[in-house]
Every structure is written in C-alpha cells, then in structure tokens.
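Me: Got a model open here and I'd like to go through it with you. Mind if I throw some questions at you?

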Amino acid sequence: MNLILRNVTVIDPRSPYHLKETDIYFSDGRIKQIGANLPSVPGVNEVSEKGIYVSPGWIDFQVTIGEPGR
C-alpha cells in the first residue's frame, strides 16, 4: 500500500505531532514520512478530506475467541 494522507489530525500524546494537522506518507504498509506539505510522489494515491484522525492501533482486550453468538 502506497498512500499519502493529507491534513490529518494525529491523536497520540506521546508524539510530537499530537493534536496537530500533518501529512503522512505510507509505503508498503509502513509510515515512511510525517510532515507538513509533503511532496507528491508519482503513482501514489492521496487522500485529503476534512475530519480525518490518525492514532496508534487499537486492541480490544475483551474479545473472545469462539463460535459467533457465544
């Protein structure tokens, strides 16, 4: 996956980008660069929408493995 997210708000109190709008460039499923006004990369899709928030992964520790409905 190669993608640039434009003007996203980062939600991560441990990050220097916390509560700031920035661009994020993903290449092969990993963050390659974070910063304001990143240059476009040929052949890379860009998403620029209002109200996009980015945060570290979420894990549901209450999930149960088993058949559905149990």
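Me: Which strand holds valine 10?
Reply: This is a predicted model, so everything here is read off computed coordinates. Strand 1 runs over 2-10. The place of valine 10 is in strand 1.

Me: Is valine 10 buried or exposed?
Reply: Buried means under 20% relative accessible area. Valine 10 comes in at 9%, so valine 10 counts as buried.

Me: What does valine 10 touch, not counting residues up to four places away in sequence?
Reply: Part of the list sits in the loop between strand 1 and strand 2, namely Leu19. Val54 is on the list too, and Val54 is also a member of the largest nonpolar core. The full set for valine 10 is Ser15, Tyr17, His18, Leu19, Lys20, Thr22, Ile24 and Val54.

Me: How far apart are the C-alpha atoms of valine 10 and threonine 22?
Reply: Valine 10 and threonine 22 are 12 residues apart along the chain. Thr22 is also among the residues that valine 10 touches. Their C-alpha atoms are separated by 7.6 Å.

Me: Which residues make up the largest nonpolar core?
Reply: Valine 10 is one of them, and there are 7 residues in all. The core consists of Leu3, Leu5, Val8, Val10, Ile24, Phe26 and Val54.

Me: And which element gives the largest share of this core?
Reply: Two elements give two or more residues to the core: strand 1 (2-10) and strand 2 (21-27). The largest share is 4 residues, and that share comes from strand 1.

Me: Next door, is threonine 9 buried or exposed?
Reply: Threonine 9 is in strand 1 as well. Its relative accessible area is 13%, and the cut-off for buried is under 20%. That makes threonine 9 buried.

Me: Which residues is threonine 9 in contact with, leaving aside neighbours within four places in sequence?
Reply: Leu19 and Val54 appear here, and valine 10 touches both of those too. In full, threonine 9 is in contact with Leu19, Lys20, Glu21, Ile52, Tyr53 and Val54.

Me: Leucine 19 keeps coming up. What is its phi?
Reply: Leucine 19 lies in the loop between strand 1 and strand 2. At 59% relative accessibility, leucine 19 counts as exposed. Although leucine 19 is not a glycine, its phi is positive, at about 65°.

Me: Where does asparagine 37 lie, and what is its phi?
Reply: Asparagine 37 lies in the loop between strand 3 (30-35) and strand 4 (45-47). Here too the residue is not a glycine, yet phi is positive. For asparagine 37 the value is about 55°.

Me: Is asparagine 37 buried or exposed?
Reply: Exposed means over 50% relative accessible area. Asparagine 37 has 69%, so asparagine 37 is exposed.

Me: Which residues is asparagine 37 in contact with, leaving aside neighbours within four places in sequence?
Reply: One C-alpha distance helps to place asparagine 37: isoleucine 24 is 13 residues apart from it along the chain, with 9.5 Å between the C-alpha atoms. The contacts of asparagine 37 are Arg6 and Asp23.

Me: How far apart are the C-alpha atoms of serine 48 and valine 8?
Reply: Serine 48 is in the loop between strand 4 and strand 5 (53-54), and at 49% relative accessibility serine 48 counts as partly exposed. Serine 48 touches Arg6 and Asn7, not counting residues up to four places away in sequence. Serine 48 and valine 8 are 40 residues apart along the chain, and their C-alpha atoms are separated by 8.0 Å.

Me: Zooming out, what pattern does the chain follow along the sequence?
Reply: The chain has 0 helices and 5 strands. Read along the sequence, that gives β-β-β-β-β.

Me: What radius of gyration does the chain have?
Reply: The C-alpha trace spans about 50 × 30 × 20 Å along its principal axes. For a compact globule of 70 residues you'd look for a value near 11 Å. The chain has 16 Å.

Me: How much of the chain counts as buried?
Reply: The chain exposes about 5,800 Å², with carbon and sulfur atoms supplying 53% of that. Of its 70 residues, the share that counts as buried is 27%.

Technical notes:
Residues numbered from 1 in each chain as written. Predicted model: local features only at pLDDT ≥ 70, side-chain atom pairs only at ≥ 80, totals over all residues. Heavy atoms only, no water. Core = buried A, V, L, I, M, F, W, Y, C linked by side-chain atoms within 4.5 Å. Buried < 20%, exposed > 50% of the residue type's maximum accessible area, 1.4 Å probe, protein only. Rg over C-alpha atoms; globule rule 2.2 N^0.38 Å. Areas by Shrake-Rupley, 256 points an atom, 1.4 Å probe, with all protein chains shown as cover. Contact = heavy atoms within 4.5 Å.
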